[in-house]
Amino acid sequence: LNFRITQFTVATLRGQYMVDATSNTNRFTEEQKDLIRGTVRGQRVYIENIRAVGPDGRTRALGSITLTID
């Protein structure tokens with residue numbers, strides 16, 4: 001099955017605050033890339049609020065992804 005990502009949010013901790021940035025395409029924005037570049041080893045990056053259009057044309061919410069920076 002072919003799904004096309006239409007939106008997602010990248011979130012991570014900056015200091016003591018959760019910071020996020022949303023993309024309305026299937027590509028990372030510069031703001032999202034900067035968030036990821038600003039992480040340190042062992043820190044988590046969350047990709048959430050993932051929306052995709054399926055082969056039937058319906059938009060679906062997909063599960064979140066958690067990455068640990070190594």
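Buried means under 20% relative accessible area, exposed means over 50%, and partly exposed lies in between (1.4 Å probe, protein chains only). The model is predicted, so local features need pLDDT of at least 70 and side-chain atom pairs count only at pLDDT 80 or more, while totals for chains, interfaces and linings use all residues. Residues are numbered from 1 along each chain as its sequence is written, and side-chain values use heavy atoms, with hydrogens and water left out.

**Exercise 1. Describe the chain as a whole.**

Solution.
Step 1: Assign helices (H or I, at least four residues) and strands (E, at least two) as DSSP runs, numbered from the N terminus. The chain then has 1 helix and 5 strands, in the sequence order β-β-α-β-β-β.
Step 2: Take the extent along the principal axes; the C-alpha atoms fill a box of roughly 40 × 20 × 20 Å.
Step 3: Apply the burial cut-off, by which 24% of the 70 residues count as buried.
Step 4: Count contacts (heavy atoms within 4.5 Å). Among those between residues at least 6 apart in sequence, 44% join residues at least 24 apart.
Step 5: Compute accessible area by the Shrake-Rupley method with a 1.4 Å probe, where for residues only the protein chains shown count as cover. The chain exposes about 5,100 Å², and carbon and sulfur atoms supply 47% of it.

**Exercise 2. Find the aromatic pairing and place it in the fold.**

Solution.
Step 1: Search for rings of Phe, Tyr and Trp (its six-membered ring) with centres within 6.5 Å; planes under 30 degrees apart count as stacked, over 60 as edge-to-face and the rest as tilted. The whole structure yields 1 aromatic pair.
Step 2: Classify the pair. The ring centres of Phe 8 and Phe 28 are 5.3 Å apart and the planes stand at 85°, so the geometry is edge-to-face.
Step 3: Locate the partners. Phe 8 belongs to strand E1 (residues 4-14) and Phe 28 to the loop between strand E2 (17-23) and helix H1 (30-37), so the pair ties together parts 20 residues apart in sequence.
Step 4: Check exposure. Phe 8 has a relative accessible area of 6% and is therefore buried, whereas Phe 28, at 40%, is partly exposed.

**Exercise 3. Which side chains form salt bridges, and where do those of helix H1 lie?**

Solution.
Step 1: Apply the criterion, a side-chain nitrogen of Lys or Arg within 4 Å of a carboxyl oxygen of Asp or Glu. The count is 5 salt bridges, including those in the next steps.
Step 2: Lys 33 and Glu 30 meet at 3.3 Å, N to O. Both lie in helix H1, 3 residues apart, about one turn of the helix. Lys 33 is partly exposed at 32%.
Step 3: Asp 34 bridges to Arg 37, with the closest N and O atoms 2.8 Å apart. These two residues are also 3 apart in helix H1, so about one helical turn separates them. Asp 34 is partly exposed at 42%, while Arg 37 is exposed at 57%.
Step 4: Arg 60 bridges to Asp 56, with the closest N and O atoms 3.0 Å apart. Arg 60 has 26% relative accessibility and counts as partly exposed; Asp 56, at 45%, also counts as partly exposed.
Step 5: Look for shared partners: Asp 56, Arg 58 and Arg 60 are linked in a network of salt bridges.
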